[in-house]
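Hi,

Here is the structure I said I would pass on. Have a look at it first, and then read my notes underneath.

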Amino acid sequence: MNRTIPLILAVALFMENMDSTVIATSLPAIAIDLQTSPVALKLALTAYLVSLAVFIPISGWMADRFGAKNVFRAAIDVFIVGSVACAVSNSLPAFVMSRFLQGIGGAMMTPVGRLVLVRATPKSELVAAMSWLSIPALVGPLVGPPVGGFITTYFTWHWIFLINVPIGLIGIWLATRFLPETGPAQTPPLDFIGFVLSGLAASGIVFGLSVVSLPALPPIAGFLTVAVGLVSAALYLLHARRAKNPLLALELFRNQVFRASVLGGGLFRIGIGAVPFLLPLMFQIGFGLTPFQSGMITFVAAVGAIGMKFVTALIFRIAGFRRVLIFGSLIAAASIAINGLFTPETPYLLILAALLAGGFIRSMFFTGINALAYAEISTADTSRATPIAAVFQQLSIALGVALAGGILEVSTTIHGGPLTLSDFHIAFFIVAAVSAAASLSFMRLAPDAGNAVSGYGGLTAPKTLGVSGPQGG
């Protein structure tokens, strides 16, 4: 397998993952400087994820229309500009808008990169290719917490965003130098109505859930925003049935393997989206640690994730997708719940061991569901499957942040005081239960689901199932 392409494309994932973990570690310091609360700053995390959910649907169309290589480089440029804007922000609204701009770049970087990889890789090598794509990306969470914590503790948080400038410029150079030229292709007109409706649906639901309990806004504002999102989602479903070339090809969900990957993976990512928000806050507010100390603990999970990448393909080849994803989702959910048992008296070696093990199992799980999404999708449909998978992925992570912040705010309202350690424990137990429910989606898979990708049972020949619809292959 040619490893050059996945390693170059992983530069984008590196920036995104490092950026998110840096911000999570530095939230308390940023909140003080912007004169707001750490929980209110979840709007900055949510704004980025909402931006991804709004603009990811057009990533496949943009790549076909203007060339994947061109779109990939332009997206990195936008991400760099958004990073600089974050660094110079001096208020919560400015910071939130800068994060939204970053999200526009991120919405094009990762899906387009994954689309290039899927098109260039035989299905029998897809698990390994996804692993190689993820290894450099996982270095972001590895270096993000300690670097972000160090800079925030001993310098100022503004500098954590400027790290993206040299990384992004290196990514643009590598893409220009090594990625193959991909010219524009014949594409249908952009489904503008679908773009507007899907954007309103994603942003309305996620943003509404985030602000529903913020003290700065009345709760009715959040509920009305969620209602707008739900109505827009219903209208999009009606529109997609009549449109000739809908922006999101929902008929792909007729494929049970694709449906299980997207919906089951999305349910699990709700819990995963909450962890980077909850864990640094618990260590800093509940344990009294500095951002640097917090980062030096949380980065261990990324070490486990990187180590697991080297054996993931073998595990799926031995046990198959169905078995690994069922037990993997339950064990990974337990690794989230165990965070709710940590106290300042817990030995740090035990905490590090638990986070390391959790990183191992979650890494294996994510590689599996990312590869499973394309296991029975034809090559002609990959550009339509990629935006759907990416939208649900980012939307579920955003919902995880919103859910975690909402649990903390409800808990503090009940006991009438500031955040306490028990508030974080309750949040970890609830989001772990949500993640565990993902196993129900994988229990319905056939025993041989995805064997063409995993090689389980000796099946290694590519296997694709076309789907019905306007562009079904």
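Below is what I found, going from the whole protein down to single residues.

One thing before you start: this is a predicted model.

**The whole protein**

What is the secondary structure made of? It comes to 20 helices and 0 strands, so expect to see helices and loops when you turn the model around. The protein has 473 residues, and buried ones make up 59% of them. Its accessible surface is about 18,000 Å², with 71% of that belonging to carbon and sulfur atoms. Now take the contacts in the protein with a separation of 6 or more: residues 24 or more positions apart account for 85% of them.

**Helix α11 and its two partners**

A quick bit of background: two packed helices are described by the angle between their axes and the distance between the axes.

Start with α11, which covers residues 256-286, and α15, which covers residues 321-337. Their axes come within 11 Å and cross at roughly 25°. Angles under 35 degrees count as roughly parallel, and therefore α11 and α15 are roughly parallel to each other. The crossing of this pair is left-handed. Which residues do the touching? From α11 there are Phe268, Gly271, Ile272 and Val275, and they meet Ser329, Ala332, Ala333 and Ile336 in α15. Sorted by type, the residues of this contact are 6 nonpolar, 2 polar and no charged.

Next, stay on α11 but look at helix α12, residues 291-298. Here the axes come within 9 Å and cross at roughly 135°, which makes α11 oblique to α12. The crossing of α11 and α12 is right-handed. In this contact, Leu279, Pro280, Phe283 and Gln284 of α11 meet Pro291, Ser294, Ile297 and Thr298 of α12. The residues here divide into 5 nonpolar, 3 polar and no charged.

**Three residues to click on**

*Leu279.* You have just met this one in the contact with α12, and it lies in helix α11. Is Leu279 buried or exposed? Its relative accessibility is 6%, so Leu279 counts as buried. Leaving out residues up to four places away in sequence, Leu279 touches Thr298, Asn339, Leu355 and Phe428. Try finding Ala24 too: Leu279 and Ala24 are 255 residues apart in sequence, yet their C-alpha atoms are 8.6 Å apart in space.

*Val54.* This residue sits in helix α2. With a relative accessible area of 11%, Val54 is buried. What does Val54 touch, not counting residues up to four places away in sequence? The answer is Phe195, Gly199 and Ser203. Val54 and Ser203 are 149 residues apart along the chain, while 6.7 Å separates their C-alpha atoms.

*Gln35.* Where is Gln35? Look in the loop between α1 (4-33) and α2 (42-55). Gln35 has a positive phi of about 55°, although it is not a glycine. At 74% relative accessibility, Gln35 counts as exposed, whereas Leu279 and Val54 are buried.

If you want an order for clicking through, go with α11 and α15, then α11 and α12, and then the three residues above.

Cheers

Technical notes. Residues numbered from 1 in each chain as written. Predicted model: local features only at pLDDT ≥ 70, side-chain atom pairs only at ≥ 80, totals over all residues. Heavy atoms only, no water. Axes fitted to C-alpha atoms, helices over the stretch in contact; angles between N-to-C directions. Helix = DSSP H or I, 4+ residues; strand = E, 2+ residues; numbered from the N terminus. Parallel < 35°, antiparallel > 145°, perpendicular 65-115°, else oblique. Left-handed = near helix turned anticlockwise from the far one by under 90°. Contact = heavy atoms within 4.5 Å. Nonpolar A, V, L, I, M, F, W, Y, C, P; charged D, E, K, R; others polar. Buried < 20%, exposed > 50% of the residue type's maximum accessible area, 1.4 Å probe, protein only. Areas by Shrake-Rupley, 256 points an atom, 1.4 Å probe, with all protein chains shown as cover.
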